[in-house]
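Q: Could you take a close look at one part of this model for me, and then tell me how the two chains meet?

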2 protein chains.
Amino acid sequence: MSVTAAKGFTAAGIAAGIKAPLANGSGGNLDLALVVNNGPRLAAAGVFTSNRVKAAPVVWSEQVLKGGRVSAVILNSGGANACTGPLGFQDTHATAEKVAEVLDGHSAGEVAVASTGLIGIRLPMDKLLPGVEQAAAELSEHGGEKAAIAIKTTDSVHKTAVVTQDNWTVGGMAKGAGMLAPGLATMLVVLTTDADLPAADLDTALRAATRTTFDRVDSDGCMSTNDTVLLLASGASGVVPEAAAFAEAVRTVCDDLARQLIGDAEGASKDIRIEVVGAASEDDAVEVGRSIARNNLLKCAIHGEDPNWGRVLSAIGTTSAVFEPDQLNVAINDVWVCKNGSVGEDRDLVDMRYREVRITADLAAGTESAVIWANDLTADYVHENSAYSS
Amino acid sequence: MSVTAAKGFTAAGIAAGIKAPLANGSGGNLDLALVVNNGPRLAAAGVFTSNRVKAAPVVWSEQVLKGGRVSAVILNSGGANACTGPLGFQDTHATAEKVAEVLDGHSAGEVAVASTGLIGIRLPMDKLLPGVEQAAAELSEHGGEKAAIAIKTTDSVHKTAVVTQDNWTVGGMAKGAGMLAPGLATMLVVLTTDADLPAADLDTALRAATRTTFDRVDSDGCMSTNDTVLLLASGASGVVPEAAAFAEAVRTVCDDLARQLIGDAEGASKDIRIEVVGAASEDDAVEVGRSIARNNLLKCAIHGEDPNWGRVLSAIGTTSAVFEPDQLNVAINDVWVCKNGSVGEDRDLVDMRYREVRITADLAAGTESAVIWANDLTADYVHENSAYSS
């Protein structure tokens, strides 16, 4: 289903030869995806990495999105086209021009570009540009699945999600398995909808949704140069949904995809749901949640199924949130192992055999809360990120 | 030599039974150290963790240091006495009282206490208090080495350093092998000098030294609840050194010990020297250096001997330092693999076989600089911190 679940969209995923073919031959060599909005509306919104070192396609697409119209998105895996200088930007520009050329009646200024892969390497344009022609030739209303596969890098599975309501749909695809952190993660996400809404409404819904979903997954604390989340509307359903219903549908799809990213993070054996409650403000809750999420010692302990709440407290202690150390409470999988900043219930009661681990940190300073998702730190993560450039 | 290199100090390191005896029997079961200042002067200064969740001995010793006089320091491994509530604080108080009792003429209010080990566990006072008596009985002018051994936790070696000049000496011992981060590291450090200086002068020299040494090692980004660095002066040399010479001696000893901490960090296979140059301010240089030091993906790459400069740039991009992305330059082991934010010299020229790896990040925005030391991220680190509570 993916990006072609909503009416008015076609997509394709092909093997252009940008990535080295995988030995297992499991379709892992798809590396170029094209998503086309066939209208009647071409409204779009986008959210991009807050990293100040931005890849060429991010710089390009931010400019495209200012117009609020996107007719097509071209995405490649196998190379991030980041830190490639003016020539790298020319490659992105040439890619958009090629898409406009092969799709009749399109303008390069309405073609968004996204790339993912190794930083600091030029893209093989001699393979990419012919790939654009092939992708255009294979565009289909059933192409969403292959497009989702083509944007994978170290992802073990492709990620899609769909919500349908009252004859309109929001669907999407995502990739991302490492360098996942607030301000978005190394993620490429394309959402499509056949709801009939202008760009400003899409922007409002998308920013609200990413703030509490993609912005609150933190697999490894690292922020990418290429993060891109796009929402395209075709208006093909002819339906103008209520703002609240639409916002909720976008949030649901984003939340689903964000959870899939965490569930497939590089080398992870645990998904850690960190809920900070009793905070004086939502900002405090998020700051504390991120500090816990990024504590390598805690991430190792969770990997070892060790309910080491001392490491939770030492992470909280590095933040500027409102709290008193002797009023902090921490539960791991619902056992309150730390009460009033000291020893609580018996840590041997904590059952950590399952993939999902829930940490609840009660700051006892207010009524605000936030949830951050993280992963454990494993030898497999080290291996996957040290054994080769990625 | 250690803390007894300077005249006027005695020390001891004994096995009180706080830690479980090690199977290899290599003296690793020493777990209680006592350092006594025999005067004639009892001046002291201290720097403590900036973690807001502070262990009981930190709360106690901060209070003691306000008086500027320390007659003895008692340090235990085998338990951090952190997050142990009011009873934990009573344990620290009782330890200081015991030291004052067994050392004739001492006052508990001048006895500093330091602890290291697992958070959230009460200390076995039935073993610790008799241990104080034993340690006092074994005090010697040659006891510095055993004291340094007794404060080890996961340290593979004990750490000492000494500088002697013109008949006065600064010496010291340190422990720390994980949870090493700015604001100090899980480190316990005791420095002694026989220079004849008041507490205020010690404080100035100690703060200046820690700011550019212990505060700039970042093994794993985690900040401890127990970090303590103490400097005690006996005045026994009768020499009042020049302020600059004394400051430099303290800095040299701190730098030496800090490098030993990085060189012995848990599971590390590389020591990474990150020098940020061309910064608009020293604060910018430190912020960028820490961001690079804490990037897990880069730490994995260094472990894999992969000169992955893209990960350096993506770390720099998350900071608020003054720079233009297309003017950044990065060298790894002196090969400028990134120039002007893009591909530079051939990365295959980078030789990363040795333990020390040098990363130079040039922000091209000014003339300030800073050096941060870090370690790589390894499967051994994960194993050591997940296989058991520590």
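**A tryptophan and the chain contact**

A: Let's start with A:Trp336, which sits in strand E13 of chain A, the run covering residues 335–339. This is a predicted model, so take what follows in that spirit. A:Trp336 has a relative accessibility of 28%, so it counts as partly exposed, given that buried means under 20% and exposed over 50%. Setting aside neighbours within four places in sequence, A:Trp336 touches A:Asn329, A:Val330 and A:Ala331, along with A:Gly344, A:Glu345, A:Thr360 and A:Asp362. As for A:Asp264, 72 residues away along the chain, its C-alpha lies 29 Å from that of A:Trp336.

Now for the meeting of the chains. Chain A and chain B each put 52 residues into the contact, and together they bury about 3,900 Å², with 58% of that on carbon and sulfur atoms. On the chain A side, helix H8 (296–303), helix H9 (309–316), strand E14 (342–343) and helix H10 (379–386) each bring at least two residues to the surface that touches chain B. That side breaks down into 22 nonpolar, 24 polar and six charged residues. Zero salt bridges turn up across the interface of chain A and chain B, but there are 15 residue pairs in polar contact, both partners at pLDDT 80 or more.

And the confidence? Chain A averages a pLDDT of 90, and 94% of its residues score at least 70. One stretch to treat with care is 179–185 of chain A, where the pLDDT is below 50, although the model gives it 46 contacts beyond near neighbours in sequence.

Methods. Residues numbered from 1 in each chain as written. Chains lettered and ligands numbered in written order. Predicted model: local features only at pLDDT ≥ 70, side-chain atom pairs only at ≥ 80, totals over all residues. Heavy atoms only, no water. pLDDT = per-residue confidence, 0-100. Contact = heavy atoms within 4.5 Å. Buried area = accessible area lost by both parts, 1.4 Å probe. Salt bridge = Lys/Arg side-chain N within 4 Å of Asp/Glu carboxyl O. Polar contact = N/O pair within 3.5 Å; in protein donor to acceptor, adjacent residues only side chain to side chain. Helix = DSSP H or I, 4+ residues; strand = E, 2+ residues; numbered from the N terminus. Nonpolar A, V, L, I, M, F, W, Y, C, P; charged D, E, K, R; others polar. Buried < 20%, exposed > 50% of the residue type's maximum accessible area, 1.4 Å probe, protein only.
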